[in-house]
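Student: I should like to take a close look at one part of this structure. Could you please guide me through it?

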Amino acid sequence: MSFDLEKAIATWRQFHERRRMLLPQDLNELECHLRDHVAERVGVGVSEEAAFEEALLAVGDMGEAEPEYQKVYWGKLKRNHQRLDEIRGGISMLKNYLTVAWRNLLRYPGYTLINGLGLAVGMACFLLMALFVHDEWRYDRHHDNADRIVRITQHYTDEDGTRSFARSVPALGPTLQQEIAEIEETVRFQRFTAPLRNGDRLFNEDGLFFAEPSVFEVFTLPLVQGDAATALVAPNTLVLTETAAVRYFGGADPLGQTLTMSDTLQFTVTGVVENPPRQSHLSFEVLLSFETLRHRFAAQWGDIDTHWRSGTFYTYALLADPAMRTAAEAQLPALIEQHLGEDTSLQVQLQPLTDIHLRSSLRQELGPNGSASAVYIFAGIALLILLISCINFINLTTARATRRAREIGVRKALGAQRGQLTRQFLGEAVLLSVLAGGMAVMLVLVLLPWFNALTDKTLMWSSVLQGPYLLSVFGVALGAGMLAGAYPALLLASYRAAQVLKGTQRAEPRSRTVLLRRGLVAFQFALSVGIMAATVIAIQQVDHLKSRPLGFADEQVVVVPFYWEPVVVERLETLKTELQAVPSIRHVTASGDVPGRMFTSMSYWIEGMPTDESRGINALIVDPDFAETYGLTMVAGQDFAPELAADLGETFILNEAAVAEMGLTPEEVIGKPFRMNSQGPVVGVVEDFHFEGLQHKLEPLVMTVWPSWFGYLSVQVDAAQLPTTLLALEQTWKTVVPEIPYDFFFLDEDFNTQYRAEERFEQVFLSFALLALFISALGLFGLAAYTAERRTKEIGVRKVLGASASGIVWMLTKDVAQLVVVGFLVAVPVVYLGMERWLAAFAYRVDAGGLPFLLAGGFTLGLAVLAVGLQSLKAALADPVRSLRYE
Amino acid sequence: MLPKELVAASLRPIMLTLLEERAMYGYQIIQRVHDLSDGQIKWTASKLYPLLHDLENKGLVEAFWQPSEAGPDRKYYRLTRVGREALAREKRSWLDLNAILVRLWGPELGLQTA
């Protein structure tokens, strides 16, 4: 057999590798050495075999060298070995932990299901809320300058308090930009509603805004087509969103095309802007050039840049630095005084853009905003639900501890250390909670459409399945598992082996544990009772808002909006005559606004006030037959006479609140000279009616006739023949004013949209209350099953000694009943105070009273007793012979 | 053949000196010493490498790996700055010792005292 050098070296290497005395890199070095030696000897004519033998000898005695190597590497070498062993051992232990954990989960499927499901539902809840909160939080933050943009708001203070407006006078924008160094740029918007037409494509646009060209500098609105520097500079130009561009031009290129407003005014499309994200408080469809408005404004009111009245502009400013807001704001009072004189009641503030969605509820907001407190409340509830599910987890796991006492005893007797056992049980908890986390993500995906409907959001699957989000789910799962597993793990591991195996470890390990478990259960009940009571109160309040008489006939009124189009006003008489000919139509009237959509406020003067003074008041511009159609009751004086339509705006009707504010009686006010644009007598006083949602206090109102301000047609119809009536209405409209798009809404439905936020609050509360209850019941059920099982023997003995089934049920349930009572006592004051604060925000509110609490308490008690009672009944009815043979 | 103790004692200074000249790998060092001493000093790998590693740990020499013609990468050693300083001290001690010996034995062997 011939000598093979490679094989010989490999064998040598293998030998040393097995011994594990040398690190691989040192073996490499030695191998090199051997090879060098062999190569040299072979070079002078020695055979490979002989050279190898020689080389080995020359290397010297490795048996002696190894200690040397070790001395050099002492710690390193040894430590590396140890570390390797530890890691290997760790992995195999982890595998072992997981295997045992998995088997344990499978061995008690009921327990696993209850525990896992409870946790999954809790986590799903939490995750949904996290999505919701994040969505609310990111409103308006997509603008690059979000932290530097402020909205200019106006505030008027008089003896009745402060009235705050989201809109401001037109002069403020340019003035602030010129005179305040901290402000780099401003942009003014004027909201507008009008029909736009491209050939056959005709739509009522209520998302129109006149905007200055600086809009593209202040806000981040990337143009898909067109040039931001020039797009809105010329008069009669406009920029469309992508959606609007498709609406008017389909697939065709919109740039340079023309759109016609109200069939009179031509606009050229100079740009298409990316659709702004849904999370913006300023949502527009079309931006019109401000120059267009400037010309029209100049014709009627003068220079728009120096006009200090008519506060109908939304003005935003870009600060040089976010921190300069206070400094800029401090200069405003002096500036206002300089322009408006000392006795102006106007104050101007700078509101951060990022505060608008969650922290702003001024008058004339651009749309309904969210509410920070609602977000906090929801987030709080979600956390509480997560907490409940964790508590359940702790309870159930601790409760099961005793069942596993023997396992622990055996493990300890076989040499398991306390730390290992802790890890084992912690591992089980974490495994279950991570499984629950996976289940929670699936639940979230399934529940998302429902949750979107509930919260009026468009949260997407894609945002759920993002890396960071899934990572945070995992984090929550891990955290919940650790949290929920830590206590039971430590408790279980602390059992003493000998006692457990002898059976002398007490079934209930320590009174402290029992107290803790009972405390947690009571806390859970407190949460359930609290959330449920709060829900009932919220439901009551929303019902109250919806059912309280508004003071006018809101039912069976169909409203056709035409947004102040002059052509409709011109043909109003024809329209009314034709509509009144339809038998199922009772009344037809026109008005500037309708209840629930009140936007007009004016300043007035009445005899008795100093001549140069004026005060603000809500104004409703009406047709003479408005009061009749809306079923308003006159308290004094009379309604507008039909023939009064001739002397427009020269007679006035006040509501009771206005008269009261003037310090007069209804009788006194009749005939007094009143001025608002033009002057004339007060002819009547109408009974108060709620022209705004009941969150708001009823305010003073003046009504006058001024047809050019009409914007809505209200039609009172016979409910019985609604479909045919609606058809007749549409046909009449289309023949009389074909150029204006036909649209309609029911007054009561439209009015109730003001309660959307409250309804949502109620619904979210209700859903979460049910979830909390579900999780609590689940946990309770598991706990009850465990208790009954644990006391099987005791029950058997009691039965043999003559206890009745009902006695046993009572024995087992009274415990739980006590806890419900404790929870109830804790929950009542907290919820009462919290809900009082919520209700205080409403002008018209219910009194919380005791009913919601009794209801919530009763329901929780019933459920708890049912869950425990069923289990104990099963135990109580069981054959004692069998239960005594148990174990 | 020189006595074992002396060989062991001279290992360190000789090695440092060799590595000061240029970077070398273990086998080269052994060969070089063998040649230098006309076969009087024979280091074995099992003595050399632990010492090299020790010097490396102490920062007197540094090592780097280079590919070799056959087998695994070769490990080269060279002196570091710390190593040079150590060598300078080493030289002084050995020369001092040498001076003592020369003073003692010089006359009898016909050597001049330094």
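Student: In which strand of chain A is the place of Gln347(A)?

Tutor: Please bear in mind that this is a predicted model. Gln347(A) belongs to strand S11 of chain A, a strand made up of residues 346-352. Its relative accessibility is 41%, and because buried means under 20% and exposed over 50%, Gln347(A) counts as partly exposed.

Let us turn to the surroundings of this residue. When neighbours within four places in sequence are left aside, Gln347(A) is in contact with Thr153(A), Gln154(A), His155(A) and Thr157(A). Another residue to consider is Pro333(A): 14 residues separate it from Gln347(A) in sequence, while their C-alpha atoms are 6.7 Å apart in space.

Asn115(A) offers a useful counterpart. This residue lies in helix H5 of chain A, which covers residues 109-137. Asn115(A) counts as buried because its relative accessibility is 2%, whereas Gln347(A) counts as partly exposed. Not counting residues up to four places away in sequence, Asn115(A) touches Asn392(A), Phe393(A), Leu396(A), Thr397(A) and Leu432(A).

These local views may now be placed within the whole chain. Chain A contains 31 helices and 22 strands, and 49% of its 887 residues count as buried. Consider the contacts in chain A between residues at least 6 apart in sequence: 78% of these join residues at least 24 apart. The C-alpha trace spans about 125 × 100 × 55 Å along its principal axes. The radius of gyration of chain A is 40 Å, whereas a compact globule of 887 residues would have one near 29 Å.

A helix further along the chain shows how burial can be arranged around an axis. In helix H28 of chain A, residues 792-800, the buried residues are Thr792(A), Ile795(A) and Gly796(A). They lie on the same side of H28(A), because the arc they cover around the axis is only 100 degrees. In an α-helix, residues three or four places apart point the same way, because each turn has 3.6 residues. Just after H28(A), Gly802(A) takes a positive phi of about 105 degrees.

Finally, the interior also holds enclosed spaces. There are seven cavities of 30 Å³ or more, and the second largest cavity holds about 50 Å³ of space. Among the residues that line this second largest cavity are Asp140(A), His142(A), Phe219(A) and Pro276(A). By class, its lining has five nonpolar, three polar and one charged residues.

Conventions
Residues are numbered from 1 along each chain as its sequence is written. Chains are lettered from A and ligands numbered from 1 in the order in which they are written. This is a predicted model: local features need pLDDT of at least 70, side-chain atom pairs count only at pLDDT 80 or more; totals for chains, interfaces and linings use all residues. Side-chain values use heavy atoms; hydrogens and water are left out. Buried means under 20% relative accessible area, exposed over 50%, partly exposed in between (1.4 Å probe, protein chains only). Helices (H or I, at least four residues) and strands (E, at least two) are DSSP runs, numbered from the N terminus. The arc is that of the directions from the helix axis to the C-beta atoms. On a 1 Å grid over the protein atoms alone, a cavity is a set of points where a 1.4 Å probe fits but cannot get out, and a pocket is an open set with protein on both sides within 12 Å along at least five of seven lines; lining residues have an atom within 4 Å of a point. Grid points are joined across faces, edges and corners, and a volume is the space filled by probe spheres set on the points. Ala, Val, Leu, Ile, Met, Phe, Trp, Tyr, Cys and Pro count as nonpolar, Asp, Glu, Lys and Arg as charged, and the others, Gly among them, as polar. The radius of gyration is taken over C-alpha atoms; the globule rule is 2.2 Å times the number of residues to the power 0.38. Contact means heavy atoms within 4.5 Å.
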